[in-house]
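Here is a quick walk through one model, sheet by sheet and helix by helix. Keep the viewer open and follow along.

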Amino acid sequence: MNWQTFKSLHEIYKNGKTKFRPTLVGDPVFKFHINQTKELLVTKKEILVSPSRSGNSLNFENTFKKNYLDQFTICFSFLEEKGLNTPYCKFEMEDILILRDMQAQMNEGLLSEIREQIIKSNETRRGVSLMFFKHEKHLDNHEALEKAVKQILNVKIFTDERDFQYLYVLQCHAPKAIVLCENLHFLKMPGKPRKNDIELWYAGGRNIEKLRYSNHGGMPIYYCCDWDYDGLDIFRAVKEKIPEIVLLLPNGIPREIEKTEHKSLWKKREDANYLSGLQSDLFSEPQRLLIRNLIKNNLWVVEESNDLIEMIKSIQQAEKG
C-alpha cells in the first residue's frame with residue numbers, strides 16, 4: 001500500500017468516506033475490506049463505511065485503530081518532518097519505514113562511517129539500493145525515493161555505473177578476526193565488534209566478485225548470513241573466492257517463511273536430506289542438522305537476529321576443542 005492509498009484509508013476512518021478511484025478499489029487492502037470483511041462499500045462516486053445495521057461502521061473504526069493508526073501516525077509525522085507529505089508522494093509503506101529508520105540511524109551517528117565510504121567510493125545507485133532496500137534495482141526509476149535517500153544521507157550524487165565494486169569495512173585498531181556479513185546491519189553498530197577486536201566486511205549480497213582481490217592477512221575470517229536458501233547459496237559462492245572462510249552457526253530464533261512473507265524459499269521440502277540442493281560438504285554436521293530442521297519446518301533465521309559476538313566465541317571454542 002502506498003502513501004496516497006493509506007491517506008485515503010485514513011480519510012475513511014476520519015470522515016466515513018473518500019472519493020472513488022479505480023486504483024483504490026484495486027488495492028489489496030481496500031479489496032480485503034470491501035470484499036472480505038464487508039466493512040467498506042463502493043458506489044460510483046465514493047468508497048464509504050458500510051451501513052451500520054450489523055455494526056460494520058464501528059468495526060472498521062476499530063479495525064483501523066488496531067491495524068493501521070499507529071503506523072499511519074508514525075509515517076505521517078516522518079513525512080511531514082522531511083517535507084515529503086505532498087499530493088505526489090507515492091512511497092510504499094515499507095519504503096517510508098526504511099527511510100525513517102535511516103534517519104534515526106543518521107541522527108544517532110550509526111551511519112556516519114557508511115556515509116563516508118559511500119562518498120569516498122563514489123557509490124552507485126544500485127549499491128546504495130542494495131544496502132537499504134529489497135534489492136539492488138529498487139531505486140531504479142524511483143527518482144523521488146532516491147532523492148529522499150540522498151537527503152537523509154546528505155549525499156549529492158550516486159553514480160549510474162552498474163557494478164557494485166567496493167568492499168565496505170568497519171575497521172578496528174587491532175583486529176583478531178574478520179566477519180563478512182551478507183547484510184549491512186552489523187556494520188551500523190560499531191561498538192561491540194570494535195570492543196571485541198572484530199573487523200566487519202560487507203560486499204553486498206551476491207555482488208561478491210570483488211572478494212577475489214581481498215586480503216584477510218591470514219586472520220580467521222567468518223561468514224554471517226541469513227540462514228535461508230539464498231544466504232547459504234551465497235556462502236558457497238563466497239567460499240569459492242575465499243576458501244578459508246568459515247560459516248557461523250546462528251543463535252537467533254527461526255521465523256516462519258510464510259508468516260514473514262519471505263521470498264527465499266527452500267527447494268524440495270519433502271526431502272530435507274536433499275538440503276535444498278545445497279552442497280552438503282560445505283557444512284558441518286550441526287549446520288546440516290539445523291538446515292534440515294529449517295527446511296522441514298519451513299523456517300529461516302534472520303542474520304540481524306543473531307548475537308554476532310556469541311556466534312564467534314562459540315565457533316572459536318569449537319575450533320580449539
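## A strand covered on both sides

Let's start with β5, which has both of its faces covered: A177, V179 and C181 on one side, I178 and L180 on the other, and all of them are buried. That fits the tally for the strand, which is mostly covered, with 5 of its 5 residues buried. Bear in mind that this is a predicted model.

If the split into two sets looks neat, here's the background: in a regular strand the side chains alternate between the two faces of the sheet.

## The five-stranded sheet

Where does β5 sit in its sheet, in the order of the strands? The open sheet has 5 strands in the order β4-β6-β5-β7-β8, and the pairing is mixed. At its edges are β4 (168-170) and β8 (246-247), each of which pairs on one side only.

Now for the two neighbours of β5 in that order. β5 runs parallel to β6, and 5 bridges join the two. On the other side, β5 (residues 177-181) is joined by 4 bridges to β7 (residues 221-224), and that pair also runs parallel. You can check this residue by residue: C181 stands opposite Y202 in β6, and its bridge partner in β7 is C224. L180, in turn, has Y223 as its bridge partner in β7. As a general reminder, strands of a sheet pair through backbone hydrogen bonds, either parallel or antiparallel.

## A helix across the sheet

Next, pick out helix α13, residues 308-320. This helix lies across β5, β6 (198-202), β7 and β8, and it runs at about 130 degrees to β7.

## The three-stranded sheet

There is another open sheet to look at, with 3 strands in the order β1-β3-β2 and antiparallel pairing. Here the edge strands are β1 (17-19) and β2 (40-42), and each pairs on one side only. On average, neighbouring strands of this sheet are turned by 20 degrees against each other, if you ignore direction.

Zoom in on β2 and β3 (residues 46-49): they pair in the antiparallel sense over 3 bridges. One pair to click on is L41 and its bridge partner in β3, L48. This sheet has a helix across it too: α1 lies across β1, β2 and β3, running at about 140 degrees to β1.

## How α1 meets α5

α1 also packs against another helix. Two packed helices are described by the angle between their axes and the distance between the axes. For α1 (residues 3-15) and α5 (residues 69-81), the angle is about 125 degrees and the axes are 11 Å apart. That angle makes α1 oblique to α5. The crossing of the two is left-handed.

Which residues make the contact? From α1 come W3, F6, K7, H10 and Y13, while α5 supplies L69, Q71, F72, C75, F76 and L79. Sorted by type, the residues of this contact are 8 nonpolar, 2 polar and 1 charged.

## A glutamine to look at

Last stop: Q103, in helix α6 (residues 93-107). Is Q103 buried or exposed? Its relative accessibility is 10%, so Q103 counts as buried; the cut-off for buried is under 20%.

What does Q103 touch, leaving out residues up to four places away in sequence? Its contacts are F78, K82 and I152.

How values were computed
Residues are numbered from 1 along each chain as its sequence is written. This is a predicted model: local features need pLDDT of at least 70, side-chain atom pairs count only at pLDDT 80 or more; totals for chains, interfaces and linings use all residues. Side-chain values use heavy atoms; hydrogens and water are left out. Two strands pair if DSSP finds at least two bridges between them. Contact means heavy atoms within 4.5 Å. Axes are lines fitted to C-alpha atoms, for helices over the stretch in contact, and angles run from 0 to 180 degrees between N-to-C directions. Buried means under 20% relative accessible area, exposed over 50%, partly exposed in between (1.4 Å probe, protein chains only). Angles under 35 degrees count as roughly parallel, over 145 as roughly antiparallel, 65 to 115 as roughly perpendicular and the rest as oblique. A crossing is left-handed if the near helix is turned anticlockwise from the far one by less than a right angle, and right-handed if clockwise. Ala, Val, Leu, Ile, Met, Phe, Trp, Tyr, Cys and Pro count as nonpolar, Asp, Glu, Lys and Arg as charged, and the others, Gly among them, as polar.
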